Amino acid sequence: MDTPQDILDKGDLVDWRNRALLVFDRVPVPAAVCRTDGVMLLANPAMATEWGTSPGRLPGRNVLELFHPSSAGQVHRIVEAVRLGHRSRYPMRVHWSAPDDRERYGELTADTVSDSADAPLWLLVLLKVLGDREPPRRTPEEVSPAERRILALAAGGATTERIARSVGLTVDGVNYHLTRLSRRWDAPNRAALVARAYVLGVLAPGVWPPAPG
C-alpha cells in the first residue's frame, strides 16, 4: 500500500497543494495558518466573514490583535510552549468586535503544525464561535458627583433652570449631562432616566427629597 509520501512522489506536488488549499477554503469553521508570533499567513473565507472582509486582506494581521484573549496568562503559556518546540493543541477563550459592532466571544484553538519533524512550526488556528456578548452594564461608579446631583434634582421635579442654578451650571450644561446619561442608559425621556437611576442605585431608594445613592 502506498504511503502518503509515495502518493505525493508519484503525483504533482503543486497539484496536491492546490487541492489542500481548496479543502481549506471550503472548511466551514473559521481557520487561519499563522507564524508562531501570531501573524496570519493564510485565512479561509469563514475566518474572513467574521471580519466582514475577504481572505486576501487578513494575511499580515496578528491574530491576537483581532481576537482578545480573556486571560493574558493563556497567551504567555502558548508562546513559551511554542518557543520550546512543544507540539500540542492550545485552546483559549477570546472575544472580538464584529463589523456590525456586536461583541462576539468564542474559543480559539492553536495547533502546532509543520511540513516535517525538522521544519519550523506554524500555527493552525481554528475559531469556535460561541455567540454574542451582552453589552457591559453601566455601573453607578461611572456617574459623576455632579450628574448624581442633577439626577436627584430632576427626580424631585425641578426644572432645568432650577437645576442649573443649584449646581452652578448653565442650562446647556445641565442638558448636556442629561442627554449624555439618556444615551448611555437608552432612556427615551426624563422619567425613564430617573427610573433607571434608581434601578442602578445612583439615587437612594425610599428617600425624599431624592438624594444620590
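Me: At what angle do helix α6 and helix α7 pack, and how far apart are their axes?

Reply: In this predicted model, helix α6 (residues 145–155) packs against helix α7 (residues 160–167) at an angle of about 140°, and their axes lie 10 Å apart.

Me: Why is α6 called oblique to α7?

Reply: Angles over 145 degrees count as roughly antiparallel, and those of 65 to 115 as roughly perpendicular. The angle of about 140° belongs to neither class, nor is it under 35 degrees, so the term is oblique. The crossing of α6 past α7 is right-handed.

Me: Which residues make the contact of α6 with α7?

Reply: From α6 come Arg149, Ile150, Leu153 and Ala154, and from α7 come Ile163, Ser166 and Val167. By class, 5 of these residues are nonpolar, 1 is polar and 1 is charged.

Me: What makes Asp186 count as exposed?

Reply: The term exposed requires a relative accessibility over 50%. Asp186 has 69%, and therefore counts as exposed. Asp186 is placed in the loop between α8 and α9.

Me: What is the phi of Asp186?

Reply: Asp186 has a positive phi of about 55°, although Asp186 is not a glycine. Most residues other than glycine have a negative phi. A positive phi, of about 90°, is also taken by Gly157, just after α6.

Me: Which peptide bond is cis, and what is its omega?

Reply: The bond from Trp208 to Pro209 is cis, with omega near 0°. Pro209 belongs to the segment after α9. Most peptide bonds are trans.

Me: Which residues of α6 are buried, and what covers them?

Reply: Glu147, Arg148, Ile150, Leu151, Ala152, Ala154 and Ala155 of α6 are buried, a term that requires under 20% relative accessible area. The cover over the buried residues of α6 includes α7, α8 and α9.

Me: Which members of the largest nonpolar core touch the most other members?

Reply: Among its 21 residues, these are Leu151, Ile163, Val174, Trp185, Leu193, Val202 and Leu203. Two or more residues are given to this core by each of α6, α7, α8 (171–185) and α9 (190–199). The largest contribution, 5 residues, comes from α6.

Me: What is Leu203 in contact with, leaving aside its neighbours within four places in sequence?

Reply: The contacts of Leu203 beyond those neighbours are Arg148, Leu151, Ala152, Ala155, Val194, Ala197, Tyr198, Ala211, Pro212 and Gly213. Apart from the largest core there is another, of 19 residues, including Ala32, Ala48, Met92 and Trp96.

Methods:
Residues numbered from 1 in each chain as written. Predicted model: local features only at pLDDT ≥ 70, side-chain atom pairs only at ≥ 80, totals over all residues. Heavy atoms only, no water. Axes fitted to C-alpha atoms, helices over the stretch in contact; angles between N-to-C directions. Helix = DSSP H or I, 4+ residues; strand = E, 2+ residues; numbered from the N terminus. Left-handed = near helix turned anticlockwise from the far one by under 90°. Contact = heavy atoms within 4.5 Å. Nonpolar A, V, L, I, M, F, W, Y, C, P; charged D, E, K, R; others polar. Core = buried A, V, L, I, M, F, W, Y, C linked by side-chain atoms within 4.5 Å. Buried < 20%, exposed > 50% of the residue type's maximum accessible area, 1.4 Å probe, protein only.
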